[in-house]
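Okay, thanks everyone for squeezing in. I'll put the sequence and the fold up on the screen, and then we'll walk through the inside of it together.

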Amino acid sequence: MGRFASTASLYEHLRPPYLGELFRNVAQKLGLSRESSLIDLGTGPGLLALGFGPYVGRVVGVDPEPAMIEAAHHAARSAGRHVTLIEGKAETLDPDIGSFDIVTIGRALHWMDRDPTLALLDWLVAHDGAIAICAAFSATDGRNPWLDGYNEIRRRWSPVGLWEAAGRGTRTHRDLAAFFRGSSFRPAQLVTVETSHLVVLHDLAKRALTYSSSSPDALGENVEDMLRDVGKHLVSFSRDGAIAETVVSTAQIVTR
C-alpha cells in the first residue's frame with residue numbers, strides 16, 4: 001500500500017480547494033490555449049489536471065498510487081473530460097512521452113528526489129514552456145484561529161517520522177529558489193488567490209485523515225481517538241456546525 005492509498009477516497013472533497021480563479025489567471029499569464037499540452041506530476045485525484053483542463057488541449061496525469069489514479073479516473077469521468085493517466089513515479093517517465101507547454105506539480109514536489117526531478121524537467125518542459133508549482137492551504141496568518149490547535153492535535157497523534165517528513169515538504173515549497181538552484185529553471189512569478197468559505201465541522205475534522213502524517217494507514221487504531229480530539233477542539237470555533245476558513249491558492253510559475 002502506498003503512502004496515500006488510505007486517503008484517496010477523502011482527498012478530493014476535504015482538502016482546501018484550488019480556486020477556479022487561480023487556473024484562469026495562470027492560463028492567461030502563460031497564454032495557454034487548446035493547442036497547449038499539460039502534464040501534472042503527482043496528480044493525486046486529478047485536481048490540477050482537471051482544473052487546468054478547460055484551458056489546454058492535451059492533459060496527462062502521473063501518480064505512483066493506484067488508488068489515486070482510480071480516483072482521478074472517476075473524477076475525469078464525472079467531469080466529462082479526457083485525461084491520460086499514467087501509474088508510476090514521475091522520475092521514471094519514458095522520454096517518448098514528449099515535452100509539454102506546462103508541467104504542474106501540486107502537493108507532491110517534496111516527495112520527489114531533487115536531482116532526478118530536475119533532470120526530468122529539463123526535457124519534459126518545452127523550450128518555451130513553464131512549470132507551475134501549486135498549493136492550496138488554510139491561511140496561516142491568524143485568519144483561521146482554529147488552525148494552530150488543529151495542527152497540534154495532528155502532530156500529537158502522528159508517528160514522529162511522518163510528521164517530520166511533512167514538515168520537510170512545507171519547507172520545500174517555501175524555498176523553491178533553493179530547489180531549482182544550479183538548474184536551467186528559475187522561479188519567475190507568484191500567482192495568489194484567496195477566498196473565505198464555511199466548512200462543516202465534521203468535514204474539517206476528517207480532513208486530518210487526508211495528510212500522510214495523520215492518514216488512516218498512519219494512525220491505525222487511533223483514528224477515532226484523533227477525530228474525537230480534533231472535533232472537541234473545533235467545536236468552540238463553530239457556528240451552527242460550520243467553521244469559517246480562509247483559503248489561499250498559489251501557483252509559483254517557474255521558467256528557464
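Before I point at anything: when I say nonpolar core, I mean a set of buried Ala, Val, Leu, Ile, Met, Phe, Trp, Tyr and Cys residues joined through side-chain atoms within 4.5 Å. And keep in mind that this is a predicted model.

So, which residues of the largest core touch the most other members? There are 29 residues in that core, and the ones to look for are Y18, L22, V26, F52, V83 and C134. As for where the core comes from, helix 2, helix 3 and helix 4 each give at least two residues, and so do strands 5, 6 and 7. Take V26 as an example: leaving out residues up to four places away in sequence, V26 touches F52, I102, V191 and A251. There's also a second, separate core, with 25 residues, V62, I97, V103 and A108 among them. That goes with a general habit: in soluble globular proteins, nonpolar side chains tend to be buried together.

Now the sheet. It's an open one, with 7 strands in the order 3-2-1-4-5-7-6 and mixed pairing. Strand 3, residues 84-87, and strand 6, residues 186-200, each have a single partner strand, so one side of each has no neighbour in the sheet. From one strand to the next, the twist averages 20°.

Zooming in, strands 1 and 2 run parallel, joined by 5 bridges; L38, for instance, has V59 in strand 2 as its bridge partner. Helix 5, residues 114-124, packs on the sheet, touching strands 1, 4 and 5. Its direction makes about 125° with that of strand 5.

Methods. Residues are numbered from 1 along each chain as its sequence is written. This is a predicted model: local features need pLDDT of at least 70, side-chain atom pairs count only at pLDDT 80 or more; totals for chains, interfaces and linings use all residues. Side-chain values use heavy atoms; hydrogens and water are left out. Two strands pair if DSSP finds at least two bridges between them. Helices (H or I, at least four residues) and strands (E, at least two) are DSSP runs, numbered from the N terminus. Axes are lines fitted to C-alpha atoms, for helices over the stretch in contact, and angles run from 0 to 180 degrees between N-to-C directions. Contact means heavy atoms within 4.5 Å. Buried means under 20% relative accessible area, exposed over 50%, partly exposed in between (1.4 Å probe, protein chains only).
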